[in-house]
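Here's an informal walk through one protein model, from the overall build down to single side chains. Have the viewer open while you read.

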Amino acid sequence: MTFTNIEVTHAAGVSTITLNRPKQLNALDAATISELSTALTGISSDTGVRAIILTGSGERAFAAGADIGELRELQSATAAREMALRSQGLGRLMSELHQPIIAAINGYALGGGLELALACDIRIAADTAQLGLPEVTLGILPGWGGTQRLARLIGPGMAKLMMMTGERIKANEALRLGLVERVVPAAELAQAAQQLAQQIAALPPLSIAAIKQAVNQGLNMSLDQGNAFEAGLFGELAMTADAKEGTTAFLDKRAAVWQGK
Ligand code: COA
């Protein structure tokens, strides 16, 4: 499938999706959101893809937010709400996808760009990256899941501080806050993301999918409900061929050979 605003490549069980509007700092217009949804829906049924990397083209930006030109043209509250719901739908698709998604944040991750990164499972940032939710400076609020995901990730106080000032923070500060999980030199970002993706891709996919599901769905549950959900997933996984293989290989002191079953 060919796309205009994104590029999709596949290698060694890893799909890489690159936001590709570098002249607009990879700003996310409606067409890009739609292409991302189409690409991810295709990947979701491809059992050959074990991990996904999401990044931005060029050296300046992961994505500098929603396309501000499109925001200015919004004519009604209904149209604006529908725009938010469409982008939130992409976030839901990302969090329900069984493959893990790694955001490789290669520059600015602002507004909708940061919200897209927040919908990924793991975030690795270049040391040159800058992150923020500057929507308040446009007279709006983060409407693509940002108010919800940022508060869950770094706590409500810090999330409000970022959203109420709109200030950008640097990669190392984002690491300190738990907003990104790793920071690497900019020149090493692509390789670091690829290495991590391949490390995860080499592990049993049913376990990876269940971990993602347990954490993402569990975040919306009470501790008791989450633990019950986890136990159910554990029950299912324990009966898989890969669980039999993993435990047997350990006791036989050999490397496991995973089947994804
Ligand atoms: N939507 C549409 N276009 C955008 C954009 C966005 N979110 N962010 C940047 N661009 C465009 C600029 O309009 C400019 O286009 P031009 O070359 O045709 O003038 C181009 O990308 C480069 O951006 P520019 O602002 O000239 O670069 P800079 O280095 O001076 O500043 C940023 C970089 C990221 C600080 C600045 O572009 C910015 O603040 N962008 C908006 C961030 C934002 O508010 N996002 C939230 C949206 S909800």
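## Overall build

Two residues are in contact when they have heavy atoms within 4.5 Å of each other. By that yardstick, take the contacts in the protein chain between residues at least 6 apart in sequence: 68% of them join residues at least 24 apart. Keep in mind that this is a predicted model.

The chain's secondary structure adds up to 11 helices and 10 strands. Its radius of gyration is 19 Å, close to the 18 Å that the globule rule gives for 261 residues, so the chain is as compact as a globular protein of that length. If you lay the C-alpha trace along its principal axes, it spans about 60 × 40 × 35 Å.

## Inside and outside

How much of the chain is buried? Buried residues account for 42% of the 261 residues. The accessible surface of the chain is about 13,600 Å², and 56% of that belongs to carbon and sulfur atoms.

One spot to look for on the surface is a nonpolar patch formed by Ile68, Leu138 and Ile140, which together have about 260 Å² of accessible area. Isoleucine 68 sits in helix H2, which covers residues 68-72. With 48% relative accessibility, isoleucine 68 counts as partly exposed, because the exposed label needs over 50%.

## Two domains

The domain assignment splits the chain into domain 1 (6-201) and domain 2 (205-252). Their C-alpha centres lie 27 Å apart. Where the two domains make contact, 11 residues come from domain 1 and six residues from domain 2.

## Strand E2 and the loop after it

Threonine 16 is part of strand E2, residues 14-19. Is threonine 16 buried or exposed? At 15% relative accessibility it counts as buried, because the cut-off for buried is under 20%. Setting aside neighbours within four places in sequence, threonine 16 is in contact with Glu7, Val8, Thr9, Ile53, Thr55 and Gln194.

Now move on to the loop between E2 and helix H1 (30-44), where you'll find leucine 25. Leucine 25 has a positive phi of about 50°, although it is not a glycine. Asparagine 26 lies in the loop between E2 and H1 as well, and it has a positive phi of about 60°, again without being a glycine. Asparagine 26 counts as buried, with a relative accessibility of 2%.

## Salt bridges

How many salt bridges does the structure hold? There are eight. One of them pairs the side chains of lysine 212 and aspartate 121, at 2.9 Å from N to O. Lysine 212 is in helix H9 (residues 205-218), while aspartate 121 is in the loop between helix H4 (112-118) and strand E7 (122-126), so this pair ties together parts that are 91 residues apart in sequence. The two partners carry these burial labels: lysine 212 counts as buried at 7% relative accessibility, whereas aspartate 121 is partly exposed at 23%.

Glutamate 181 and arginine 123 also meet through their side chains in a salt bridge, at 3.4 Å from N to O. This pair links distant parts of the chain, 58 residues apart: glutamate 181 is in the loop between helix H7 (171-177) and strand E10 (182-184), and arginine 123 is in strand E7. Arginine 123 counts as buried, at 3% relative accessibility, whereas glutamate 181 counts as partly exposed, at 34%.

## A bridge within a helix, and a network

Arginine 176 forms a salt bridge with glutamate 173, and their closest N and O atoms are 3.0 Å apart. What separates these two residues along helix H7? About one helical turn, because they are three residues apart in that helix. Arginine 176 counts as exposed, with 60% relative accessibility, and glutamate 173 counts as partly exposed, with 28%.

Finally, look for Arg21, Asp29 and Asp67, which are linked in a network of salt bridges.

Methods. Residues are numbered from 1 along each chain as its sequence is written. This is a predicted model: local features need pLDDT of at least 70, side-chain atom pairs count only at pLDDT 80 or more; totals for chains, interfaces and linings use all residues. Side-chain values use heavy atoms; hydrogens and water are left out. Patches are made of residues with over 30% relative accessible area and no salt bridge: like charges are joined within 9 Å, nonpolar side chains (Val, Leu, Ile, Met, Phe, Trp, Tyr) within 5 Å. Accessible areas come from the Shrake-Rupley method with a 1.4 Å probe; for residues, only the protein chains shown count as cover. A salt bridge is a side-chain nitrogen of Lys or Arg within 4 Å of a carboxyl oxygen of Asp or Glu. Helices (H or I, at least four residues) and strands (E, at least two) are DSSP runs, numbered from the N terminus. Buried means under 20% relative accessible area, exposed over 50%, partly exposed in between (1.4 Å probe, protein chains only). The radius of gyration is taken over C-alpha atoms; the globule rule is 2.2 Å times the number of residues to the power 0.38. Domain bounds come from an automatic or database domain assignment.
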